[in-house]
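Student: Could we go through this structure together? I would like to begin with charged side chains and then turn to the interfaces.

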Amino acid sequence: MRVGIPRAMLYHHYGEYWLQFLETVGVEAVVSEETTGNTITTGAVHADNETCLPVKVFSGHMLWLKERVDVVLVPRVVSEEYGMCACPKFMGLPDLARSLTPDMPPVLAPRLDMGDRRYLWAREWYDTARALGGSWLSSVSAVSGLLQNLYHHHKSLVDESYEKGGLRVGVAGHVYNVYDSRVSMGMLDRIRKLGATPVTIDEVQHNNALANARTLSREIFWGFESKLAGSVLHWSRTASVSGILYVTSFACGPGSMVGALLEDQLDRERSVPLMTITLDEHAAEAGLVTRLEAFVDMLKYASRAHATPSADGASGGA
Amino acid sequence: MKIAVPRMGNLSLIIKDMVQRFDLDYLETPPFTEQTMEIGAALAPEFACLPLKAVLGTFVGALAMGADTLVTGGGHGPCRFGYYGEIQRRILEREGHDFRMVVLEPPSVSLRAFHDSIRSVIPREQVGFGTLARELYLTLSKVLLLDMLDKRALQLRGLEVVAGSVDEALADAQEIVSRAFTRKELSAARKEGDARFREVEIEWDRPHLKVGLVGEIFVVLETFFNFDIEHWLGRRNVVVERSVTISDTCDPFHRNPVFGYPEHMVARMAKPYLSHEVGGDGLLTVGSSVIFARRGFDAVVHFLPFTCMPEVIAKGVLGRVSQELEMPVLSLSIDEQTGKAGVETRLEALLDLAWSNKAKSLHARAELQAVT
């Protein structure tokens with residue numbers, strides 16, 4: 001049996017663990033190809049026109065898998081963190097996948113709910129493993145391996161030390177937007193070419209991010225956005241970056257709220273400059289390049305003039 | 001302390017009731033207009049959904065009129081609504097307004113947070129706990145009465161003999177219920193309201209369509225944003241049923257007393273299409289559409305604010321519901337630029353489709369009877 005996993009959305013967070021799970025169960029896993037322009041176009045045609053860009057990309061990957069696999073694994077991520085919830089899109093993702101076209105392969109949707117008691121949802125993974133033809137022993141070991149990985153997801157230590165000097169730009173955005181080089185149009189490489197070092201929120205210690213997120217006047221209840229906002233505040237308060245790029249996608253719900261929140265909060269703290277970049281399926285490279293160049297030039301100028309960084313944030317869509 | 005609360009359907013009637021019960025200093029928020037929409041859209045973040053922009057616009061108006069305490073709802077995700085209060089507070093403070101924002105947490109967050117947030121509007125010294133609990137319970141009963149009146153009016157409007165007679169009855173009954181405060185008064189008001197509705201002349205055997213109204217509570221309830229679809233449908237011989245009401249949302253035990261199908265039943269009906277809670281009214285939208293289809297409704301109209309996260313998922317799934325249960329579903333996404341004409345044209349097309357489906361099925365039934 002060939003089990004497909006779309007290379008989109010939370011694959012970029014938990015993909016390794018899911019692959020390891022399938023390997024332990026003993027089935028062949030097929031991960032869809034890297035995103036191409038074609039993936040985005042087919043996804044945008046078939047998905048609902050109001051959904052956000054990542055869901056359209058996800059739909060493109062689902063359609064790529066449709067002909068090639070017997071069943072698709074789309075875990076239903078309900079929360080990534082205790083006391084938090086995920087974006088509603090993650091909760092309804094398997095259902096969106098099922099209603100994409102009438103002839104979709106079966107979608108397996110075990111629940112992944114870090115905020116809930118694990119015996120309530122680990123059972124669903126066990127059932128999935130059994131449904132894929134695993135023996136009870138391999139299923140149990142697959143599930144326990146998955147739980148181990150998930151509970152240690154944030155425990156790994158991140159090296160936050162960095163050499164002084166040089167221009168560092170914090171890139172705050174969803175992992176599935178920033179690390180997908182087609183969706184982000186190679187943003188990280190472009191920043192490197194401009195002579196600055198991009199820093200992503202993976203390079204922030206989880207505890208530091210959460211501690212900073214807790215200082216906000218109202219707690220952000222989306223797990224990932226909470227870490228994102230916390231990381232941005234950590235960067236700005238430790239002055240470890242010269243400027244921050246806030247990368248969001250068109251029609252991103254949590255992104256619209258957190259973006260407004262961060263702009264306001266950084267402004268109140270008179271902190272580093274923040275630029276918002278909005279990605280969508282029509283985004284053109286030239287627009288992005290111009291903005292990045294302008295932003296990096298501005299940061300260079302500011303550091304050369306030895307002026308304290310001002311907090312005027314430019315915003316706009318790419 | 002001058003309190004202002006956002007408008008939404010019957011909410012203003014309910015607030016007036018609470019104001020009298022707890023003796024609050026209250027200022028009526030200005031109604032939604034083109035102008036408040038413009039102000040709200042200019043201040044709010046670009047991709048924020050419609051209710052945030054709309055409410056922000058009216059808050060600016062309320063502050064200009066002298067309000068100093070803004071009360072809004074809260075929540076703990078995943079819907080964006082839970083973060084509205086914070087974003088609106090930050091935006092309005094940036095605009096230089098001086099005020100206090102009170103976010104009322106629903107009991108689902110925690111009973112403690114619920115109680116504390118209520119206490120920041122109604123202080124302990126003013127109203128004791130027992131009185132507070134009793135009066136809130138009575139307010140909820142009153143909301144239920146008001147919503148039941150609404151439901152009744154929606155059902156009868158398409159069948160009334162004299163145009164406008166149902167609306168008159170509704171206004172009278174609402175007036176009667178608004179004057180009732182104690183338990184006894186409320187039960188008397190319910191009977192009186194029922195009697196008032198019984199006076200309306202109804203043509204029961206008129207050919208009509210049955211249409212379900214589902215979607216996000218704010219755009220479904222607020223006539224400015226749904227272009228008063230309830231009256232529009234009522235004028236075209238359509239019996240309407242609505243799945244979202246304020247009392248269903250406020251019901252502490254999730255029984256959905258007005259809609260009539262408790263939450264677990266809605267979830268069970270939605271399960272083949274949407275098998276998990278997605279926040280907001282997403283699951284209710286899908287579940288109630290399935291219920292309407294099973295009950296033989298002719299069409300369902302789904303209202304959502306542009307980019308509303310739970311409703312966008314529901315919209316993606318409703319296509320399959322419509323296909324498998326053979327009932328037309330029209331999703332209308334509303335934002336500050338939606339035009340009345342566009343919405344009405346699409347609704348007319350939907351009604352034409354529903355009428356022709358109905359004629360077809362009646363024809364088929366008649367043929368079947370002729371054969372047997």
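**Salt bridges and interfaces**

Tutor: We may begin with E203(B) and R206(B), which form a salt bridge whose closest N and O atoms are 3.1 Å apart. Please keep in mind that this is a predicted model.

Student: Are those two residues buried or exposed?

Tutor: E203(B) counts as partly exposed, at 34% relative accessibility. R206(B) is buried, with a relative accessible area of 14%.

Student: And R196(B), what does that one pair with?

Tutor: R196(B) forms a salt bridge with E199(B), and the closest N and O atoms there are 3.3 Å apart.

Student: Buried or exposed, for each partner?

Tutor: R196(B) has 17% relative accessibility and so counts as buried, the cut-off being under 20%. E199(B) is exposed, at a relative accessible area of 60%.

Student: Now chain A. What does R190(A) meet in a salt bridge?

Tutor: The side chain of R190(A) meets that of E285(A), at 2.9 Å from N to O. This pair links distant parts of the chain: R190(A) lies in helix α8 (residues 187-193) of chain A and E285(A) in helix α12 (residues 285-304) of chain A, 95 residues apart.

Student: How accessible are R190(A) and E285(A)?

Tutor: R190(A) is partly exposed, with a relative accessible area of 23%. E285(A) is also partly exposed, with a value of 45%.

Student: How many salt bridges are there over all chains?

Tutor: The count comes to 48 salt bridges over all chains.

Student: Let us change topic. How many of them cross between chain B and chain A?

Tutor: Seven salt bridges are found across the interface of chain B and chain A. One pair is R94(B) with D264(A), whose closest N and O atoms are 3.1 Å apart.

Student: Which residues are joined into one network by shared partners?

Tutor: Salt bridges that share partners join D264(A), D267(A), R268(A) and R270(A) with E86(B), R89(B), R90(B), E93(B) and R94(B) in one network.

Student: What about polar contacts across that interface?

Tutor: There are 20 residue pairs in polar contact across the interface of chain B and chain A, counting pairs with both residues at pLDDT 80 or more.

Student: Which elements of chain B give two or more residues to that side?

Tutor: They are α4 (81-94), β6 (299-305) and α14 (309-325) of chain B. Of the side of chain B that touches chain A, α4(B) gives the most, with nine residues. By class, that side has 20 nonpolar, ten polar and ten charged residues.

Student: How many residues does each chain bring to the contact?

Tutor: Chain B brings 40 residues and chain A brings 41 residues.

Student: And how much area do the two chains bury?

Tutor: Chain B and chain A bury about 3500 Å² between them, with 62% of it on carbon and sulfur atoms. Within chain B, the residues that lose the most area to chain A are F47(B), Y83(B) and R90(B), together 22% of what that side buries.

Student: Now inside chain A. Which domains are assigned there?

Tutor: The assignment gives domain 1 (2-151) and domain 2 (168-317) of chain A. Their C-alpha centres lie 28 Å apart. The contact takes 25 residues from domain 1 of chain A and 23 residues from domain 2 of chain A.

Student: What do these domains bury between them?

Tutor: Domain 1 and domain 2 of chain A bury about 1900 Å² between them, 64% of it on carbon and sulfur atoms. In domain 1 of chain A, the residues losing the most area to domain 2 of chain A are H12(A), L53(A) and M84(A), together 28% of what that side buries.

Student: How many salt bridges cross between domain 1 and domain 2 of chain A?

Tutor: One salt bridge is found across that interface. As for polar contacts, five residue pairs are counted between domain 1 and domain 2 of chain A, with both residues at pLDDT 80 or more.

Student: Which helices of domain 1 supply at least two residues each to that side?

Tutor: In chain A, α1 (11-25), α2 (37-46), α3 (53-66) and α4 (88-98) each do so. α3(A) gives the most to the side of domain 1 of chain A that touches domain 2 of chain A, with four residues. By class, that side has 14 nonpolar, six polar and five charged residues.

Definitions and conventions. Residues are numbered from 1 along each chain as its sequence is written. Chains are lettered from A and ligands numbered from 1 in the order in which they are written. This is a predicted model: local features need pLDDT of at least 70, side-chain atom pairs count only at pLDDT 80 or more; totals for chains, interfaces and linings use all residues. Side-chain values use heavy atoms; hydrogens and water are left out. Contact means heavy atoms within 4.5 Å. Buried area is the accessible area (1.4 Å probe) that two parts lose on being put together, summed over both. A salt bridge is a side-chain nitrogen of Lys or Arg within 4 Å of a carboxyl oxygen of Asp or Glu. A polar contact is a pair of N or O atoms within 3.5 Å; within protein, one must be able to donate a hydrogen and the other to accept it, and residues adjacent in sequence count only if both atoms are side-chain atoms. Ala, Val, Leu, Ile, Met, Phe, Trp, Tyr, Cys and Pro count as nonpolar, Asp, Glu, Lys and Arg as charged, and the others, Gly among them, as polar. Domain bounds come from an automatic or database domain assignment. Buried means under 20% relative accessible area, exposed over 50%, partly exposed in between (1.4 Å probe, protein chains only).
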